[in-house]
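The following exercises concern empty space, strands and helices in a protein model. Please study the sequence and the structure shown below before working through the solutions.

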Amino acid sequence: AKNGRTLSFTMVLRLLRRARVLPRFAAGRAHRGGRVARAQTAPLATLPKTSEASQHKETPVSWAPSSQNTPATMAHSSEEEEEEDHGGGRLLSPTAEHAAVRALVRSFARDDLEPQSRRHDAQETPNTALLRKLGKELGMLGPTIPAESVPGGGGLDAVAAVIIAEELSYADPGFALSHLAHATLFAHNLYVNGSQEQRLRYLPGALDGSTIGGMGMTEPTAGTDVLGMRTRATRDGAYWVLDGHKAWITNAYVVDDDQEEEEERLGDVFLVYARTGAARDAISLFVVERGFKGFSLGRAVKGKLGMRASATGDLIFEACRVPAENLVGAVDQGTTAMMRNLEIERLALAAMATGIARRCLDVMRVYARERRAFGTDLASFGQIQAHIADSFGEYNAARAYLYAVARHAVDDDNGTVNRRLDSDAVKLVATRAAKQVADRAIQTLGANGYVADYVVERLWRDAKLLEIGGGTLESHQKNITRDLVRFHHDDADLPETW
């Protein structure tokens, strides 16, 4: 805080730029006798409530309020001065700005996100108020949008988007998914593909959290086969008329905290893909607002395996009249817009996977150190060592690949990330690793891993969606193979990853 008010994300970055120095953003670290120890902003983890844990000289400090009665705690992540967790040097935070972003999001995750995560998962409700706070107070709903184009934009790159997704997912993947749908699928998408007039009309509200956005692409009969969509838009004078049904839409509904009773209502604004011609790829993109005649919320999906803290629902269009100026880009060119945004979406989903894997790894190693069996700690047994060591290797391999791709993504003048092959591959690798590491964490904790008191069962449930959403594993395998076989000549090298 400065003079009694909180510094926003963009204000922090502005101060850093003015300083023209590279301060040490080892968040929450305190020096003791030449060694580095984590303080209050160390990452989340889970610690069993055992007498051994309470007697340990390095007992972590709990992140969760005592009233929640969960064993969520902090754990030491690394003693390397220049890196946040498990090594990696400047790959993970290449600049002071990136380090500041990581520290700020990690603090938010610890203080605001973690205490509410179990409750919203159990209730299957989104925390809309907290998502709005992320924009209003911290300015983190548009990190990749240039401030010179849209007030409130963070002006950062794909690495910053990856950092935010990873740190949010470490605490609450469901909330992280809601953030991704708003900041990437709506805000970044509109910035990349929309006109400046459309940006200035819709993005300021999206960036400060006063409006919550999403994207409508998937349909009941069109998932991976997205060009098989049936929602249609027909021109009628100064309007386009939309008819159709979108399914599995994140942020389809919100829950306002000013209601006497928590009620689900339609989200504020969406980018919606619809068929506008006879050709298979004749798809166009539209901005559709809540309040447009003929636009309504269908079912609010309940009973999901995971990601229960994100709102999933159906969007219904019944002769929905959309002003002609809400067409994004040219008619029949929505497929291009779709492909432009898929790549950064997949990087963010891979980052969510690494956040899950890191949390599960922290849980495993702390639990294995503290839990005793047959007169010794679990970490002494080869089977447990295999779980931890394999998880460590797979997590770091995926994370290194992710940050290398994000750091060297080639941006064109409109903010597009042009890394089709690598964005497919890194999501394929990272999402598989997340599910596998979560599974090992449950196995390491045994019965404790199977119940809600220990976060790994939730992370295991959440991880599965990442193998489906934003592109299934099978679609990534198809895309990767198709791209690689183009380099079939004996004298042709494979495309470089970075």
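A cavity is a set of grid points where a 1.4 Å probe fits but cannot get out. The volume of a cavity is the space filled by probe spheres set on its points. The model examined here is a predicted one.

**Exercise 1. Describe the cavities of 30 Å³ or more.**

Solution.
Step 1. Rolling a probe the size of a water molecule over the atoms shows where empty space is left. In this model the count comes to two cavities of 30 Å³ or more.

Step 2. The largest cavity holds about 100 Å³ of space. Its lining consists of 13 residues, and those nearest its centre are A161, H179, A183, T184 and A348. Helices α5 (158-171), α6 and α8 each give at least two residues to this lining, and the largest share, six residues, comes from α6. By character, the lining of the largest cavity has nine nonpolar residues, four polar and no charged.

Step 3. The second largest cavity holds about 70 Å³ of space. Among the residues that line it are P126, F175, N251 and Y253. At least two lining residues come from each of α4 (128-136), α6 and β8 (253-255). Here the division is eight nonpolar, four polar and no charged.

**Exercise 2. Characterise the largest pocket.**

Solution.
Step 1. The volume of the largest pocket is about 1200 Å³.

Step 2. Its lining is made up of 47 residues, with T218, I468, G469, G470 and G471 nearest the centre. The elements that contribute two or more residues are α6 (173-193), β7 (239-250), α8 (334-370), α11 (456-465) and α12 (473-484). Helix α8 provides the largest share, seven residues.

Step 3. Sorting the lining of the largest pocket by character gives 22 nonpolar, 14 polar and eleven charged residues.

**Exercise 3. Examine helix α8 for length, bending and burial.**

Solution.
Step 1. Helix α8 contains 37 residues and spans 54 Å from its first C-alpha to its last, close to the 54 Å expected at 1.5 Å a residue.

Step 2. At L342 the helix α8 bends by about 30°.

Step 3. A residue is buried when its relative accessible area is under 20%. In α8, 32 of the 37 residues are buried, and the helix is mostly covered.

**Exercise 4. Explain how strand β13 is placed among its partners.**

Solution.
Step 1. Strands β7 and β13 pair in the antiparallel sense over nine bridges. In this pairing T250 stands opposite T312 of β13.

Step 2. Strand β12 (residues 295-300) also runs antiparallel to β13, joined by four bridges. A300 stands opposite G313 of β13.

Step 3. Strand β13 (residues 312-323) has nine of its twelve residues buried, so it is largely enclosed by the rest of the structure.

**Exercise 5. Find residues with an unusual sign of phi, and decide whether N251 is buried or exposed.**

Solution.
Step 1. Most residues other than glycine have a negative phi. W248, however, has a positive phi near 60°; W248 belongs to strand β7.

Step 2. N251 also has a positive phi, near 70°. N251 is located in the loop between β7 and β8.

Step 3. The relative accessibility of N251 is 3%, so N251 counts as buried. N251 is also one of the residues lining the second largest cavity.

Notes
Residues numbered from 1 in each chain as written. Predicted model: local features only at pLDDT ≥ 70, side-chain atom pairs only at ≥ 80, totals over all residues. Heavy atoms only, no water. 1 Å grid on protein atoms, 1.4 Å probe; cavity = no way out; pocket = protein on both sides within 12 Å on 5 of 7 lines; lining within 4 Å. Nonpolar A, V, L, I, M, F, W, Y, C, P; charged D, E, K, R; others polar. Buried < 20%, exposed > 50% of the residue type's maximum accessible area, 1.4 Å probe, protein only. Pairing = 2+ DSSP bridges. Expected span 1.5 Å × (residues − 1). Bend = angle between axes of the 7 residues up to and from the residue.
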